[in-house]
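User: Please examine the structure shown below and answer a series of questions on its packing, strand pairing and salt bridges.

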Amino acid sequence: MRQPTEESFLKDIAQHEMKVLLDSRTHRHLRFRQRGSSNMWFELVTWPGSLAYSGDMGCFVFSRLEDMFEFFRTEYGEGQKLRINPSYWGEKLEAVDRLGHRDSGHREFSEGKLRKHVEDAIKTWVEECDEPYDASDEDVAAAKAAFKAELREAIEEDVYYHFDEGEHEARKAVNDFQRKIGDQTYNFQETWEWDCDDYTYRFIWCCYALAWAIQTYDKASIATPEAALTEVSK
């Protein structure tokens, strides 16, 4: 699945407003939603050392600093992009909701990452394939092209054909692949070491939401310090 971008996220929350339900030092409860709609609403609750994000896009609990707004706070200015750090922020997760078929709601199998590992192996095989002895550059290039075409056909038939059948079948197709071309047999080695997980769409969306929500809160606090328990538009 394609990951959300800052542009797509900002479109999602273009009509969101902030409601401050509690604002007492590190104890906060903020809600962000569009008037009259629950689509992609979310809220942040903080207490000393922790922050809980929940809403239409999932639930995640983070722990790192006494004031978690300080942890997620990023610099911003006119025209400056939201800065997110999914890998570092993901390390601070204490709890995530379950999707039912997965143990974690912030990471999932990525067909794209598995495909990238396969393509890297193909590139190495082509680079290291035997070259015709005492051949011209044109003959070497032609030999490599022919080898690559034959290898590509085998991969398409025996591996990529199964990628639409889900994670188990995709991994099995990679592990089972074996094709002899010339005097050499090709198969994938140590595939258990391949990292084929990526961040879920909603976790990346959550990261953008955290950065944007804290910026929104900071701007409102500067403009209206008495904003606690009042509704403030973005």
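The exchange below takes up the nonpolar cores, a hairpin, a helix and the salt bridges.

Analyst: This is a predicted model, in which local features need pLDDT of at least 70, side-chain atom pairs count only at pLDDT 80 or more, and totals for chains, interfaces and linings use all residues. Residues are numbered from 1 along each chain as its sequence is written, and side-chain values use heavy atoms, with hydrogens and water left out.

User: Which element gives the most residues to the largest nonpolar core?

Analyst: A nonpolar core is a set of buried Ala, Val, Leu, Ile, Met, Phe, Trp, Tyr and Cys residues joined through side-chain atoms within 4.5 Å; buried means under 20% relative accessible area, exposed over 50%, and partly exposed in between (1.4 Å probe, protein chains only). The largest such core has 36 residues, and Phe-42, Leu-44 and Trp-205 are among those with the most contacts inside it. Elements giving two or more residues to this core include strand 3 (42-47), strand 4 (50-55) and helix 7 (201-223), where helices (H or I, at least four residues) and strands (E, at least two) are DSSP runs numbered from the N terminus. With 14 residues, the element that gives the most is helix 7.

User: How many residues are in the other core, which lies apart from this one?

Analyst: Among the members of that other core are Leu-114, Ala-121, Phe-147 and Phe-188. In soluble globular proteins, nonpolar side chains tend to be buried together. The core that lies apart has 23 residues.

User: Which residue in the turn between strand 1 and strand 2 has a positive phi?

Analyst: Strand 1 and strand 2 run antiparallel and are joined by eight bridges; two strands pair if DSSP finds at least two bridges between them. Leu-22 stands opposite His-29 in strand 2. The two strands form a hairpin with two residues between them, and the residue with a positive phi, of about 55 degrees, is Arg-25.

User: What arc do the buried residues of helix 6 cover around the axis?

Analyst: In helix 6 (residues 167-176), the residues Ala-170, Ala-173 and Val-174 are buried. They lie on the same side of helix 6 because the arc that they cover, taken from the directions from the helix axis to the C-beta atoms, is only 95 degrees.

User: What is the relative accessible area of Arg-28, which forms a salt bridge with Asp-67?

Analyst: A salt bridge is a side-chain nitrogen of Lys or Arg within 4 Å of a carboxyl oxygen of Asp or Glu, and the closest N and O atoms of Arg-28 and Asp-67 are 3.0 Å apart. The pair links distant parts of the chain, with Arg-28 in strand 2 and Asp-67 in the loop between strand 5 and helix 2, 39 residues apart. Asp-67 is buried, at 17%. Arg-28 is buried, with a relative accessible area of 6%.

User: How many residues apart in sequence are the parts that Arg-73 and Asp-218 tie together?

Analyst: The side chains of Arg-73 and Asp-218 meet in a salt bridge (2.7 Å, N to O). Arg-73 lies in the loop between helix 2 and helix 3 (86-91) and Asp-218 in helix 7, so the separation of the parts in sequence is 145 residues.

User: How many salt bridges does a search of the whole structure find?

Analyst: Glu-119 in helix 4 (residues 111-128) and Arg-152 in helix 5 (residues 137-158) are 33 residues apart, and they form a salt bridge. Arg-107, Lys-113 and Asp-195 are linked in a network of salt bridges. For the whole structure, the number of salt bridges found is 14.
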